[in-house]
Structure formats: C-alpha cells, structure tokens
Amino acid sequence: MVVIGAGALGLSTALHCALAGRSVTVVERHTAGSQASGRAAGLFKSVQADELRTRLARRSIDQAVGFAGWAGVPLEVARPGSFLIARTAQHREFLRRELAQSVGWGADVREAGRADLGRIGYYRPGGGEFALWCPEDAYIEEPLSLVRAYLAACRLRGAQVLEHEPVTGISVTDGRVTGVETATRPITAPVVVDAAGGWVRQVAALAGAPVPAAPVRHQLLITAPAPEVDPAGPITRVVDAAVYLRPARGGLMVGGFEADPLPVDPRAQPASFSTDDVPLDLGVLRAMAGQVAGEVPVARTAEVAEHRGGLFTMSPDGRFVAGPVPEVPGLWVASGCNGSGFSSSPAIGEALAEWITGGAAPPGMEALSPGRFGPLPEDALVTRGLWQYAHYYDPAGSAPAAVTSASVRNRD
Ligand SMILES: Cc1cc2nc3c(=O)[nH]c(=O)nc-3n(C[C@H](O)[C@H](O)[C@H](O)COP(=O)(O)OP(=O)(O)OC[C@H]3O[C@@H](n4cnc5c(N)ncnc54)[C@H](O)[C@@H]3O)c2cc1C
C-alpha cells in the first residue's frame, strides 16, 4: 500500500499497517513533518466534544506515553495535566456540561478550586473562574520528535519513506485504485491512503474524489524564557478567550482560535505553495494574549522568541475525515484534523490500519467516513469549517442547526 504524506496522520497509519504485516511505502512531497505536524503545539487533550473523539484522544495519550512499548522507539511525553478555565457565565456553564459528559465517557476530569489554579505559576486567578483539572492531559515539547519517532518505528518495521517525491497522479483502473504516479516513477498498490494534510483535496482530486475538508490558518507563539514559567507546569486553556498556554523552552507558548479565521486554499496558490507561505499575523496572537493579560501577564509582556503557523483541515461537523472513499474503492483518507490531528494520530492510524487490513470498520469509525456529507457546495464546506474553527472550545454550545452533519445531509 501507499500512503501519501509523511505527517503525523500518514506516518501513524503507515506504522500501524506495517505492524499488521502490510508492505507500506510513504511518499512525501517535502520532508517528513515539514508541514502542519512539525508546527503543532504538541498538545493532547482528553476532554472532547463527543464520545468517539474522547475515546480516540485518550487512546492516543496512552499510545504516546507507551510509545516505546508498542512501537519500539523512545518518545518523551510531558504529562503535567491541564486546566480548563472559564471566566464568563456562559463558558462556566459550558465547562460544567463538559465535565459531566467527559466523566460519562470515561475521562478523568475533576472540578478545580482556586488553590489548584495557584499551582499553574504563570496564571494569577482573578476570582471568578470555574475550572476543570484534567490529569490525563499531556504534551510533546517539540512536535518533530513524534514525527521522528514514527519515522524510526516505520523503518524498524520495514516501511519505506520516500521524501522529496511528490505524488502527481493516482491510477484508477475499472473504477478501482491501482497505485500512484510520483514525479519520478509509478508505484503499484491496491490501497492508497490520502494523508496529504492541507493538500488532501487536490490529492483526492487526482482520483476524481471529493473530500470534505477546508484548510484554515492556525498560529502560535513562544515567548523568550521567563522566570514565572515553571517548565514542569501544567497546560492551561482559557476557553472564553479560546486561548491555550503551556510551558515551552523555558518560556510560555500562547496559541488560540481566531474568531474570524482565515481560510487558505492551497488549490488557489502556486504549485510550490507550502506551509512556509501561509501568511502569519502576530497581531492576532497579541490580541489573544491581551484577552488573558490580567491573569497571565507574561503572555503579553515577554518577548516573542518564535512565531509559527500552518493549516488545520476543518470538516463541516468538526470531526475527523477518516476511512474509505465510497466513490473510489481502494482510496482511503486520513484527514479532517480539526486541530487535533497531531494528538489523535496514534489512535486514528491504529483504527484505520485495523479497518484497512481487517476489512471491517472498528466501532464508531464509520461516523468519520469521507462520504458522510454527500455532495457539499464549496461555500458551505468553507463556511461550516470556519464555524467549527471559531468554536473549537465550545462546538456543542450554540451550533446553528445548519452546521450539524444531519442537517447537511438533509439539505443536500
Ligand atoms: C500552529 C499549529 C498548532 C497545532 N497544534 C496542535 C496541537 O497542539 N495538537 C494537535 O493535535 N494538533 C495540532 N495542530 C494540528 C496538527 O498539526 C494537524 O492536525 C496534524 O499535523 C495533521 O497531520 P497531517 O499528517 O494530516 O498533515 P501534515 O503534517 O501537513 O502532513 C501532510 C503531508 O502531506 C504532504 N503532501 C501534500 N501533498 C503531497 C503530494 N502531492 N505528494 C506527496 N506528499 C504530499 C505534505 O508535504 C505534508 O508533509 C496544530 C497545527 C498548527 C498549524
């Protein structure tokens, strides 16, 4: 089989298929992890908006923490836990709902008091917070370390990873996938997985298949080292500001979700377009830091040591797009990351490999099928993807009926 794209999702799928005994070739246009996966904040979050995503997220934390045991390669994972904090009545209510449902889905989540917030160090409680403590939550300091671990484990299991080799065609004979064309050679394969991240749609289009995922910009910054940030301190998410924070390189990482997000369609860009060309705007992050400046002064006062960004692939219902493409047997998709593709890659790859090699969808995975929306006009795809992005921390909150997958099906 061939996997197109050596990001977290492609490499994890390749690794799990190789572990299941498949012969796997990964074909990457640039270098492994050079696009979204190498820019991620590295955060793993156990609290998710539905049961399936909670299961995938928690399974992924287990797999990341136990990586050496099942993949045979060491991987360092920081496990400081995380706080979810709400400062408005609406978001306090939202977190109460998240607490009840996440506990019901098996996650270890607890209400946190003011004294608990004192442990964060870089956060000065204002007094009106409602907070949750999520001890399972973790992060990987440098996202490329997960990519490198996947790469090493893939090679250990005999999977081939070809870099600097763009896929330029997908061969289809009698309606079935038979392989790919790269810039230098044809490769025969009965199974092809499109894990091309922000380029997932143009890669699928090589086989005439639609994929419901809209790329949207996401960015973060890391401050210069600051004494108020304990490198062993927890992750913090201030949900009403849609801001996340964690210790990074002795400073503080500050990232968040723009209320007015920027769609970026690589299909409308020159062929050479890469993540390096995604337009970044430090002003957006400074405004986010300003929203939490009362509680986290260092987010605004410390010098910026790094500013990076890339593309999320947003789906109309905020869930992964993973599974077989109904229109083209043999073609599979691992995408629709919705901002969690890095951290859910271990479990998504595992589930896809089970589906590909075993022939049956693992429990719940059919809900992520690339065909679940039916035909979807481009503007609806983008509008709904942007809505999901802007409501990352409260997707269930006030979703207009028009953006639920059921209504998408009804409408179209
Ligand atoms: C700033 C930022 C912070 C983030 N933080 C987090 C986080 O904390 N936690 C989390 O879970 N997620 C996070 N994400 C999201 C996460 O990075 C993505 O969900 C994940 O990396 C997606 O992985 P991928 O393999 O689909 O995409 P990518 O890593 O982009 O990989 C796709 C690969 O396909 C290759 N490709 C494209 N076209 C072709 C072709 N024609 N032929 C061959 N190869 C091709 C590309 O070159 C690329 O390497 C963040 C993203 C950004 C941008």
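Let's start at the ligand: β17 supplies four residues to the shell around it, the largest share of that shell. Keep in mind as you look around that this is a predicted model.

**The shell around the ligand**

There are 38 residues around the ligand, and those that come nearest are E28, S37, A41, L43 and S343. By character, the shell divides into 20 nonpolar residues, 15 polar ones and three charged ones.

Some residues also pair a polar atom with an oxygen atom of the ligand. Here are three such pairs, one from a side chain and two from the backbone:

| Residue | Atom on the protein side | Distance to a ligand oxygen atom |
|---|---|---|
| E28 | polar side-chain atom | 2.6 Å |
| A36 | backbone N or O atom | 3.1 Å |
| S340 | polar backbone atom | 3.3 Å |

How much of the ligand does the protein bury? Taken alone, the ligand exposes 1,000 Å², and 97% of that is buried by the protein. Two helices and two strands each give two or more residues to the shell: the helices are α1 (8–19) and α2 (36–39), while the strands are β13 (214–223) and β17 (304–314). E28, already in the table through its side chain, is also among the residues that come nearest to the ligand.

**Following α1 outward**

Since α1 is one of the elements that give two or more residues to the shell, it makes a handy guide to the helices beside it. Take helix α11 (residues 345–358) to begin with: its axis and that of α1 come within 8 Å and cross at roughly 45 degrees. That angle is why α1 counts as oblique to α11. The crossing that α1 makes as it passes α11 is right-handed.

Now turn to helix α7 (residues 143–156). Here the axes of α1 and α7 come within 9 Å, with a crossing angle of roughly 25 degrees. Angles under 35 degrees count as roughly parallel, so α1 and α7 are roughly parallel to each other. Which hand does the crossing have where α1 passes α7? This one is left-handed.

To put the pieces together, α1 gives residues to the shell around the ligand, passes α11 in a right-handed crossing and passes α7 in a left-handed one.

How values were computed
Residues numbered from 1 in each chain as written. Predicted model: local features only at pLDDT ≥ 70, side-chain atom pairs only at ≥ 80, totals over all residues. Heavy atoms only, no water. Near = heavy atom within 4 Å. Polar contact = N/O pair within 3.5 Å; in protein donor to acceptor, adjacent residues only side chain to side chain. Areas by Shrake-Rupley, 256 points an atom, 1.4 Å probe, with all protein chains shown as cover. Nonpolar A, V, L, I, M, F, W, Y, C, P; charged D, E, K, R; others polar. Axes fitted to C-alpha atoms, helices over the stretch in contact; angles between N-to-C directions. Parallel < 35°, antiparallel > 145°, perpendicular 65-115°, else oblique. Left-handed = near helix turned anticlockwise from the far one by under 90°.
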